[in-house]
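I opened my notebook for a quiet session with one model and a handful of questions. Here is what I looked up, in the order I went.

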Amino acid sequence: MDSGSRQQKIVEFARSRGRVEVIALAQELGVSTETVRRDLNLLSNRRLVKRVHGGAIPRETVAFESGLDHRSQHDAEQKHRIAAAAVAELHGAETVYLDEGYTPRLIAELLVDHPITVVTSSLWAAQALAHSSTVTVLLLGGRMRGRTLATVDHWALEMLRSLVIDVAFLGTNAISVEHSCTTSDPAVAAVKATALKVSRRTVLVAAESKFGESDFCRFAEVRDLDTIVTGVELDPASARQYELLGPRVVRS
């Protein structure tokens, strides 16, 4: 197998499995671990994977967006901590917006006994609240994206624009000091940006792996956020860089 074909196979493995390991790839592809490391470094430089200890994970790109199965497995323990810390940021809110993604779904599960109104684009989050006797759920209409089970486009935007929401819990594909909050799909970015605009407070929930990354469509500047909730995996020095731009950073 030539190097181009091998590297393409590595990208496919990363996207289908959520993570690849150097030793396992070397055995599977019949090459040395040094060859795999070189391949991963090249793919990292091309922004197709992100190097992590012992291997790599896929990057979110215009051509590739991870589905719910991958999101529920990657950084799962950290995301549970982030969701719990995010709920502590309610501060008496009566209306909240829940974004698409796995962490907002976890937040939904923690809101099931709260007397609150939840607006969401996410069928996954709405499902978690379907049998609650205390939560009123307003599910945005529009085109449903099958990969994330979330709605987008003009119906969703028009409904959001008619509301005033106490706090929005937003996710992101990537966040960096240079490029702020970005995602891979313009339609998703439009929903996120509108939710931010109609909300009194905005809480971004993002695992450490999202930091220092950038994607295709910017939906918010870091200074637009009131709070960023992430894991203790984000080092204090990096957290301070984002705090200098305006928001409070909570490491949970």
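How many bridges join β12 to strand β14, and do the two run parallel or antiparallel? I found three bridges between β12 and β14 (residues 227-230), and the two strands run parallel. I keep in mind that this is a predicted model.

**Entry 1: around β12**

I stayed with β12, which spans residues 199-205. Five of its seven residues are buried, so I noted the strand as mostly covered, with buried meaning under 20% relative accessible area. Towards β14, I saw Val 203 standing opposite Thr 227. I then checked the pairing with β9 (residues 165-170): five bridges join β9 to β12, again in parallel. In that pair, Ile 165 stands opposite Ser 199.

**Entry 2: the sheet of seven**

Next I asked which order the strands take in this open sheet. I read off seven strands as β6-β5-β4-β9-β12-β14-β15, with parallel pairing. β6 (135-139) and β15 (248-251) stand at the edges with a single partner strand each, so one side of each has no neighbour in the sheet. On average, neighbouring strands here are turned by 20° against each other, direction ignored.

I also looked at β4 (residues 95-98) and β5 (residues 116-120), which run parallel and are joined by four bridges. Leu 98 of this pair stands opposite Thr 120 in β5.

**Entry 3: helices across the sheet**

Which strands does helix α5 lie across? I noted β9, β12 and β14 for α5 (residues 76-87), with the helix running at about 145° to β14. Helix α6 (residues 102-110) lies across β4, β9 and β12, and runs at about 145° to β4.

**Entry 4: two threonines**

I picked Thr 227 because it counts as buried, at 5% relative accessibility. Thr 227 belongs to strand β14. Leaving out residues up to four places away in sequence, I listed its contacts: Glu 89, Thr 202, Val 203, Leu 204, Pro 247, Arg 248 and Val 250. Val 203 in that list is the residue that stands opposite Thr 227 in the strand pairing.

Is Thr 103 buried or exposed? I wrote down buried, with a relative accessible area of 9%. Thr 103 sits in helix α6. With residues up to four places away in sequence left out, Thr 103 touches Lys 79, Ile 82, Ala 83 and Val 205. I also took one distance: Thr 103 and Val 87 are 16 residues apart in sequence and 11 Å apart in space, C-alpha to C-alpha.

**Entry 5: a surface patch**

Then I turned to the surface. Leu 123, Leu 139 and Met 144 make a nonpolar patch of about 230 Å². Met 144 lies in strand β7 (residues 143-145). I noted Met 144 as partly exposed, with a relative accessible area of 41%.

**Entry 6: the sheet of three**

Last, I looked up an open sheet of three strands, ordered β1-β3-β2, where the pairing is antiparallel. Its edge strands are β1 (20-21) and β2 (49-52), and each pairs on one side only. Two bridges hold the antiparallel pairing of β1 with β3 (residues 55-58). There I found Val 20 opposite Ala 56 in β3, and with that I closed the notebook.

Key: Residues are numbered from 1 along each chain as its sequence is written. This is a predicted model: local features need pLDDT of at least 70, side-chain atom pairs count only at pLDDT 80 or more; totals for chains, interfaces and linings use all residues. Side-chain values use heavy atoms; hydrogens and water are left out. Buried means under 20% relative accessible area, exposed over 50%, partly exposed in between (1.4 Å probe, protein chains only). Two strands pair if DSSP finds at least two bridges between them. Axes are lines fitted to C-alpha atoms, for helices over the stretch in contact, and angles run from 0 to 180 degrees between N-to-C directions. Contact means heavy atoms within 4.5 Å. Patches are made of residues with over 30% relative accessible area and no salt bridge: like charges are joined within 9 Å, nonpolar side chains (Val, Leu, Ile, Met, Phe, Trp, Tyr) within 5 Å. Accessible areas come from the Shrake-Rupley method with a 1.4 Å probe; for residues, only the protein chains shown count as cover. A salt bridge is a side-chain nitrogen of Lys or Arg within 4 Å of a carboxyl oxygen of Asp or Glu.
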